[in-house]
Amino acid sequence: MSQMKAVSAEPFGLKRDGGGLAAGIKILEKELKRVSLDTVLAKANRVMVRKGSAGAGAFATMRPKPVDWYSFDAGDNATREWYPQGLTCASDAGIGGSAFVVSWYHTPGSGAERGVRLSFLNTATLRYRHVLLVRAGADGNIAPINIHAGGVAWYGNLLYVADTTRGLRVFDTQQIFEIDGDGTETIGRKGDVYEAFGYRYVMPQTDAWTTTSGTVRFSFAAVDRSTAPDTLVSGEYVDTAGTVGRVARWPLTEAGILNAPAGGVVKAVDAHALPADKIQGALSHEGTWYLSQTAGSTGNGTLIVVGDTVRRRPYPVGPEDLTCVRDRRTLWSVSEFAGRRTVYGVPL
């Protein structure tokens, strides 16, 4: 029996709220070139370092140690303008390949608000590319999406991005557009061309699911492919000592859409109290829960494994969202702080 304490799932209702998004995307389809995810990966313009030095020291105390890790390039590892948060992978999506997706949020005070970007990483080629998330207005103009993006989950062609106080925003890997302008300081339609802060590709938001209670936070996201049906996981980061957050799971259709009845509200199939505070990521797989706990920017984190017992395993500084590569039976996370940014995997 799992040591995760069940709590009421009633507050965890989500209502579909994608009205108005389709109109803007239709205009983008007329004015910009739509490209495939394969094209984005094939034209990846940044290089990762496998088992780079950014991770070597950070993993010294880990037991078991990572089976593999990938460091971002020097600029992305050092920047304090962007911070990585969410992590998901092709195994979550149910597709082949060795792709990972990392969400980053733009920090306040770092110039014009640039919102959220996703890094699409191909660990087979050691290359990756950033894609900017945008909202397309009814007139086809685009703007950044200013959220924390603490988690991302990939299922089929859909990407669910956590929106802390509202719920989940949805993006589609079949809706990626190539920007035709070269401006690096502005975003939007400028005369006959589009600009997006120098990003070559953008993904417009295609859908949204908003909380019906307003009492739930969405701090991270994951996919559980061991439930029937498959479920989307999200939960709450709480940093108040002695207070813990909750985690819930919602049913998915085969197409990856939240399985809402005719009324449009999908209820969580279950919810649990987290066993500790400062949880940055949660994943359930084959009846076991894996939880990443942070200790701030200087202390080592903890991987809490909850099944019939509760085990605590050493984790590096700044662990974030969690994902699972099922055929390798590995659990992956991303570290957020400058100088330590790696995507790393440990045995389940």
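1. The open sheet. In this predicted model, five strands form an open sheet in the order β1-β23-β21-β20-β19, and their pairing is antiparallel. The edge positions are taken by β1 (5–6) and β19 (220–224). Each of these two has a single partner strand, so one side of each is left without a neighbour in the sheet. As background, strands of a sheet pair through backbone hydrogen bonds, in either a parallel or an antiparallel sense.

2. Inside that sheet. Strand β20 (residues 231–235) pairs with strand β21 (residues 246–251) over five bridges, in the antiparallel sense. For anyone who wants to check the register on screen, V233 has R249 in β21 as its bridge partner.

3. The loop after β21. E254 sits in the loop between β21 and β22 (265–266). Is E254 buried or exposed? Its relative accessibility is 83%, so E254 counts as exposed, the cut-off for that class being over 50%. E254 and D230 are 24 residues apart in sequence, while their C-alpha atoms are 8.3 Å apart in space.

4. Strands β24 and β25. Strand β24 (residues 279–285) runs antiparallel to β25, and six bridges join the two. Within this pairing, L283 stands opposite Y290 in β25. The two strands form a hairpin with two residues between them. E286, in the turn, has a positive phi of about 55°.

5. Strands β25 and β26. On to the next hairpin: β25 also pairs with strand β26 (residues 299–306), again in the antiparallel sense, over six bridges. Here Q293 stands opposite T302 in β26. Three residues lie between β25 and β26 in this hairpin, and G296 in the turn has a positive phi of about 90°.

6. Burial of β25. How many of the eight residues of strand β25 (residues 288–295) are buried? Seven are, so the strand is largely enclosed by the rest of the structure. β25 thus has a hairpin with β24 and a hairpin with β26.

7. R117. This arginine lies in strand β9 (residues 116–122). With a relative accessible area of 4%, R117 is buried, since the limit for that class is under 20%. Which side chain makes a polar contact with the side chain of R117? It is that of Y199, at 3.1 Å. Leaving aside residues up to four places away in sequence, R117 touches D76, W82, V102, S103, W104, H130, V131, L132, L133 and Y199.

8. D163. A second charged residue to look at is D163, in strand β13 (residues 158–163). D163 is buried, its relative accessible area being 3%. Not counting residues up to four places away in sequence, D163 touches I147, R169 and F218.

9. Aromatic pairs. A search of the whole structure finds 11 aromatic pairs. In one of them, the rings of Y70 and W332 have centres 6.2 Å apart and planes at 20°. The pair is therefore stacked, as planes under 30 degrees apart count as such. Y70 belongs to strand β6 (residues 68–71) and W332 to strand β29 (residues 330–335), so the pair ties together parts that are 262 residues apart in sequence. Both Y70 and W332 are buried. Elsewhere in the search results, ring pairs link F59, W69, Y315 and Y344 into a cluster.

10. The chain as a whole. The chain has five helices and 30 strands. Its radius of gyration is 19 Å, close to the 20 Å that the globule rule gives for 348 residues, so the chain is as compact as a globular protein of that length. Along its principal axes, the C-alpha trace spans about 60 × 50 × 40 Å.

11. Burial, contacts and surface. Of the 348 residues in the chain, 58% are buried. Among contacts between residues at least 6 apart in sequence, 61% join residues at least 24 apart. The accessible surface of the chain comes to about 13,500 Å², and carbon and sulfur atoms account for 48% of that area.

Note on methods
Residues are numbered from 1 along each chain as its sequence is written. This is a predicted model: local features need pLDDT of at least 70, side-chain atom pairs count only at pLDDT 80 or more; totals for chains, interfaces and linings use all residues. Side-chain values use heavy atoms; hydrogens and water are left out. Helices (H or I, at least four residues) and strands (E, at least two) are DSSP runs, numbered from the N terminus. Buried means under 20% relative accessible area, exposed over 50%, partly exposed in between (1.4 Å probe, protein chains only). A polar contact is a pair of N or O atoms within 3.5 Å; within protein, one must be able to donate a hydrogen and the other to accept it, and residues adjacent in sequence count only if both atoms are side-chain atoms. Contact means heavy atoms within 4.5 Å. Two strands pair if DSSP finds at least two bridges between them. The radius of gyration is taken over C-alpha atoms; the globule rule is 2.2 Å times the number of residues to the power 0.38. Accessible areas come from the Shrake-Rupley method with a 1.4 Å probe; for residues, only the protein chains shown count as cover. Rings of Phe, Tyr and Trp (its six-membered ring) pair if their centres lie within 6.5 Å; planes under 30 degrees apart count as stacked, over 60 as edge-to-face and the rest as tilted.
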